[in-house]
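Me: I should like to learn how to read the features of a protein model. May we begin with one helix and what surrounds it?

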Amino acid sequence: GMGTYLDHAASTPMRAEAIEAMTPYLDHMYANPSGSHRFAREARKALDEARDLVAATLGCKPGEVVFTSGGTEGDNHAILGAVRRFGGVAVCPAAEHHAVLHCVEHVNGVVVRVNNVGTVDLDDLQRVLEAATEEQPITVVSVMAVNNEVGSITPMRDVARIVRKYAPNAILHTDAVQAACWVDLREITPLVDALSLSAHKFGGPKGVGVMVIKTGKNLEPLIFGGGQERDRRSGTHNVSGIIATAKALEVTDQTRAEETERVTKLRDRLVDEIRAQVDGVLETVPREHRVPGVAHLCFSGLENEALLFLLDQADVYASAASACASGAMEPSHVLEAMGVERSWSNGALRLSLGHTTTDAEIDLAVSAIVSAVNQLRR
């Protein structure tokens, strides 16, 4: 294969079941589902079945499912769609993915502090919501379910309670892109008004996403045209991609419990063996606050760029921060917001595991990381 792939948080290999499900719609079932002839109606039926499957997996109504181009579009749609429709102020924590953070900054919203595990500071959130005025009401609050860089899990129930109490008219959105593999989304969807997912983070194709927009929560569309997706997201449906996404989500949901157990063991062994063999390793977030798929480590006295280069040469693929910012090696905004000191954050390494990760890959990764760290420290 491709060596030791420990960058599942950036993108996952597609699941065989998803590829198999989508192939007929690339090959011979190519009609546009918005058409009115029988061939189009067959595509439409497949699309409707995919929507039903996604809704069942997320715990929402089929009519609340909107198919998008990915997580970035869903995040943008929640924030820009709310502010363009209702005016007012957008709010998010400082450790959000840039697809949320840059949107909130773009509309001159408010960025809330995070704690030392990278989840929203609930007291600061409450303070910001309480300080809103009638002229400047809070119209959207976006809080990620799981952090893409350090893997920390947000207590969404607490967030929802605070938002419902202090900003009852606000749209509550969650970027659940990194949650799909590890958290039963039926526990998150009922708490929020809008939710975004990205297919390539759970074994589906790139360029496809899912958004949940609850009934009666009217966001301004980002994309106008033929009125697909009940006027919420125009554009010809990516039928094959949507079918693959629904299948990948179904398999992810069905295998989540056993995968969580399997991957937790692999991740703990990865971290424990590295820490047993080299000094000066910080496990950025305690395990009880984190999903199984992410091991985020900081190595003292190292530059992560040099570390990644050596790992790449050893065919071990990892990352320093979220993949969207590659090329720019300034310290991650997430670690900065968490208050991780520069001497540690310079040596940050994200190792992310997934459904194809094996014991053998963990062995290879441990030996490559230990040898690269020793080489750089010499």
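Reply: This is a predicted model. Let us begin with helix α11, whose buried residues are covered by elements that include β1 (4-5), α7 (239-277), β10 (294-299), α8 (304-313), β11 (316-317) and β12 (348-352).

Me: Which residues of α11 are buried?

Reply: The general idea is that an α-helix has 3.6 residues a turn, so residues three or four places apart point the same way. In α11, the buried residues are E361, I362, A365, V366, A368, I369, V370, A372 and V373.

Me: How many Å should helix α11 span, and what is the distance between its end C-alpha atoms?

Reply: One allows 1.5 Å a residue. Helix α11 comprises residues 359-377, so its 19 residues should span 27 Å; the end C-alpha atoms lie 27 Å apart, in agreement with that expectation.

Me: Let us take a single residue of this helix. Is A365 buried or exposed?

Reply: The criterion for burial is a relative accessible area under 20%. A365, in helix α11, has a value of 0% and is therefore buried.

Me: Which residues does A365 touch, leaving aside those up to four places away in sequence?

Reply: A365 touches T4, L6, L270 and V316. The C-alpha atoms of A365 and V316 are 6.3 Å apart in space, although 49 residues separate the two in sequence.

Me: How should contacts be read across the whole protein?

Reply: One considers contacts between residues at least 6 apart in sequence; of these, 71% join residues at least 24 apart. The protein has 11 helices and 12 strands, and buried residues account for 56% of its 378 residues.

Me: What radius of gyration would a compact globule with 378 residues have, and what does the protein have?

Reply: The expectation for a compact globule with 378 residues is near 21 Å; the protein has 21 Å, which agrees. Along the principal axes, its C-alpha atoms fill a box of roughly 70 × 55 × 35 Å.

Me: I should also like to read backbone angles. Which residue in the loop between α4 (98-106) and β4 (110-112) has a positive phi without being a glycine?

Reply: That residue is N108, with a phi of about 55°. N108 counts as exposed because its relative accessibility is 67%.

Me: Where is R230 found, and what is its phi?

Reply: R230 is in the loop between β8 (209-213) and α7. R230 is not a glycine, yet its phi is positive, at about 55°. With a relative accessible area of 64%, R230 is exposed.

Methods:
Residues numbered from 1 in each chain as written. Predicted model: local features only at pLDDT ≥ 70, side-chain atom pairs only at ≥ 80, totals over all residues. Heavy atoms only, no water. Helix = DSSP H or I, 4+ residues; strand = E, 2+ residues; numbered from the N terminus. Rg over C-alpha atoms; globule rule 2.2 N^0.38 Å. Buried < 20%, exposed > 50% of the residue type's maximum accessible area, 1.4 Å probe, protein only. Contact = heavy atoms within 4.5 Å. Expected span 1.5 Å × (residues − 1).
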